[in-house]
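Reader: I would like to practise reading a model with you, one feature at a time. Could you take me through some of them?
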Amino acid sequence: MAYSDKVLDHYQNPRNVGSLDKNDPNVGTGVVGAPECGDVMKLQIKVGDDGRIVDAKFKTYGCGSAIASSSLATEWLKGTSVDAAAQIKNTQIVEELSLPPVKIHCSVLAEDAIKAAIEDWRQKRAARTAETGARS
Amino acid sequence: MKTPVYLDYSATTPCDPRVVQRMLPFFGETFGNAASRSHAFGWTAEAAVEEARAQVARLLGAHPKEIVWTSGSTEANNLAIKGVAEMYRSKGNHLITAATEHKAVLDPMKHLETQGFEVTWLPVDRQGHVDLDQLAAAITDRTILVSLMAANNEIGTLHPLAEIGALCKRKGTLFHTDATQAAGKIPLDVEAQHIDLLSLSAHKMYGPKGVGCLYVRRKNPRVRLTAQMDGGGHERGMRSGTLNVTGIVGMGEAARICCDEMAVEVPRLRALRDRLEQRILAQLPDAVVNGDPAARLPHLCNISFPYVEGESLIMGVKELAVSSGSACTSASLEPSYVLKSLGLGDELAHSSIRFSLGRFTTEPEVDFAADRVVQEVQRLREMSPLWEMVQEGVDLSKVKWTVH
């Protein structure tokens, strides 16, 4: 299978590989996929007080396109607002990386990972607000 | 060292230069049709075809008249399986094969199922072996053919041909073996191993692509087949079509070289393969060698690398021409059915590489390949959430995954 130059670039020089502290209240973690399907993505965001994503990291088990999709996603996430991040669509990833039809599921997984990370962060925040509310 | 390093000899082999030299005249001055009986052009071609037939027969311990030329193993398997099924239908409608056979056996069998035949698909154990008691129990008086490969193309596991052949003979059913991967690598003897039908392909043994043959036993018992290609009645009526004289001459020479050099070449290949395997395992102790470590093709190894995915691994080792045990690269996104049949967990079935060495493989190439694979596995593990979880002590089998 021929990979696009952008997929190859992300695969060979993945951006933002690594992990953030998942217990940090400002960090949202999304883990999607399954080993039996051949891909698992872990995507993490760290959100500042102004609702902007100050850092994003990923780790991916999967094919080159899955690695590239998650690497690209972290690039797009950094510096953007949580609300804007929630609007990222898999089709934008497909377009940017020129993914062939058989690799579209990689982009879907990346979108799911973003949404899962945001959801995790929102739940943490809601829990914290409830806690603070209960105390006052 | 020239890259990419070719370690995919089980997919295909280059023609041996001696094979090419032997073939060249048959593209030019010696161009006759082997079926032309009325002039010297035909006689010369026929003589060359008969010499090749004898060379291939020698590789199998067969009589030259028992060799039927085909376009390759796929055609030979189709001819054997469908040809027997049609010819012996009045005797029975039951055939037996195993889950790990090549598609060129599985698909003709599936086709027969749509035509009213019954097929028993034997399971295999963790090393890729069928249970011979289970095979014996599956054979009934309606069984007309057992088809089990000599050596598996993905993991290299060898079936005990002599035992299976003796069992089939005792039970009175025909035995076909796809020996595409085994030819020239392990001794084949259709008499000692009681083989009734055997498929070969030239391009897996340093001959050209597009030519192969089917061995069809002539006596004890005489095997009859319904032709799948009708026409001029070539090849004793079993396979019509003008013979590919050039290709056949190449296959004959390829078989001769295999016969003459096997005793030296096989130990050399085994030593190189073991070197590759040990060098990888020494650096990645949790890598898993698939198949039977002992009863295995000497030039092949299939290794699973847990926590990294096969397609990305192959993409990373672009200086190596190897193939993935995972069929992801063929766009099906399914892990290898052979590895799944062994009962390998998905994370192992998705993470394997088949290395197959050959006549032109060198020691520096093997060392280079081992080190590149190790480097890449280590790089991908740093990127792998599964590896991270395992380092944190998480049991992956207990994780609730979001299956998509």
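Reader: Let's start with a single side chain. Is Asn78(B) buried or exposed?

Author: This is a predicted model, and the values here are computed from it. A residue counts as buried when its relative accessible area is under 20%. Asn78(B) has 17% relative accessibility, so this residue counts as buried.

Reader: Where in chain B does Asn78(B) lie, and which residues does Asn78(B) touch?

Author: Look at helix α3 of chain B, residues 73-87, which holds Asn78(B). Leaving aside residues up to four places away in sequence, Asn78(B) touches Gly83(B), Ala104(B), Pro108(B) and Gln228(B).

Reader: Let me try a residue of chain A next. Is Ile67(A) buried or exposed?

Author: The cut-off is again 20%. Ile67(A) counts as buried because its relative accessibility is 1%. You will find Ile67(A) in helix α2 of chain A, which covers residues 64-77.

Reader: Which residues does Ile67(A) touch, not counting those up to four places away in sequence?

Author: The list draws on both chains. From chain A come His10(A), Tyr11(A), Phe58(A), Thr60(A) and Gly62(A). From chain B come Ser312(B), Leu380(B) and Met383(B).

Reader: What separates the C-alpha atoms of Ile67(A) and Gly51(A)?

Author: A distance of 27 Å lies between these two C-alpha atoms, and the residues are 16 apart along the chain.

Reader: Now a strand, please. How should I think about its two faces?

Author: In a regular strand, side chains alternate between the two faces of the sheet. Take strand β10 of chain B, residues 300-304, as the case here. Leu300(B), Asn302(B) and Ser304(B) are on one side, with Cys301(B) and Ile303(B) on the other.

Reader: Why is β10(B) described as largely enclosed by the rest of the structure?

Author: Five of the five residues of β10(B) are buried, so the strand is largely enclosed by the rest of the structure. Both of its faces are covered.

Reader: How do I read the pairing around that strand?

Author: Strands of a sheet pair through backbone hydrogen bonds, and the pairing is either parallel or antiparallel. On to the case here: β9(B), residues 288-290, is joined to β10(B) by three bridges, and the two run antiparallel. Five bridges join β10(B) to β13(B), residues 352-356, also antiparallel.

Reader: Which residues stand opposite Ser304(B)?

Author: Val288(B) stands opposite Ser304(B), and Ser304(B) also stands opposite Ser352(B) in β13(B). As for Leu300(B), its bridge partner in β13(B) is Ser356(B).

Reader: What is the strand order of the open sheet in chain B?

Author: The order is β9-β10-β13-β12, an open sheet of four strands with antiparallel pairing. Its edge strands are β9 and β12 (323-324) of chain B, each of which pairs on one side only.

Reader: Let's step back to whole chains. How many helices and strands does chain A have, and in what pattern?

Author: Chain A has five helices and three strands. Along the sequence they follow α-β-β-β-α-α-α-α. For chain B, the secondary structure comes to 12 helices and 13 strands.

Reader: What does the radius of gyration say about each chain?

Author: Compare each value with that of a compact globule. With 136 residues, such a globule would have a radius near 14 Å, and the 15 Å of chain A agrees. With 404 residues, the figure would be near 22 Å, and chain B agrees at 22 Å. The C-alpha atoms fill a box of roughly 60 × 30 × 25 Å in chain A and roughly 80 × 50 × 35 Å in chain B, taken along the principal axes.

Reader: How many of the residues are buried in each chain?

Author: In chain A, 50% of the 136 residues count as buried, while in chain B the share is 59% of 404.

Reader: And how do I read the contacts along the sequence?

Author: Consider contacts between residues at least 6 apart in sequence. In chain A, 62% of these join residues at least 24 apart, and in chain B 74% do.

Reader: One last feature: how many charged side chains are there in each chain?

Author: Chain A has 17 positive and 18 negative side chains, with the centres of the two sets 4 Å apart. Chain B has 43 positive and 48 negative, and there the centres lie 6 Å apart.

Notes. Residues are numbered from 1 along each chain as its sequence is written. Chains are lettered from A and ligands numbered from 1 in the order in which they are written. This is a predicted model: local features need pLDDT of at least 70, side-chain atom pairs count only at pLDDT 80 or more; totals for chains, interfaces and linings use all residues. Side-chain values use heavy atoms; hydrogens and water are left out. The radius of gyration is taken over C-alpha atoms; the globule rule is 2.2 Å times the number of residues to the power 0.38. Buried means under 20% relative accessible area, exposed over 50%, partly exposed in between (1.4 Å probe, protein chains only). Contact means heavy atoms within 4.5 Å. Lys and Arg count as positive and Asp and Glu as negative; His and the chain ends are not counted. The place of a charge is taken as NZ of Lys, CZ of Arg, CG of Asp or CD of Glu. Two strands pair if DSSP finds at least two bridges between them.
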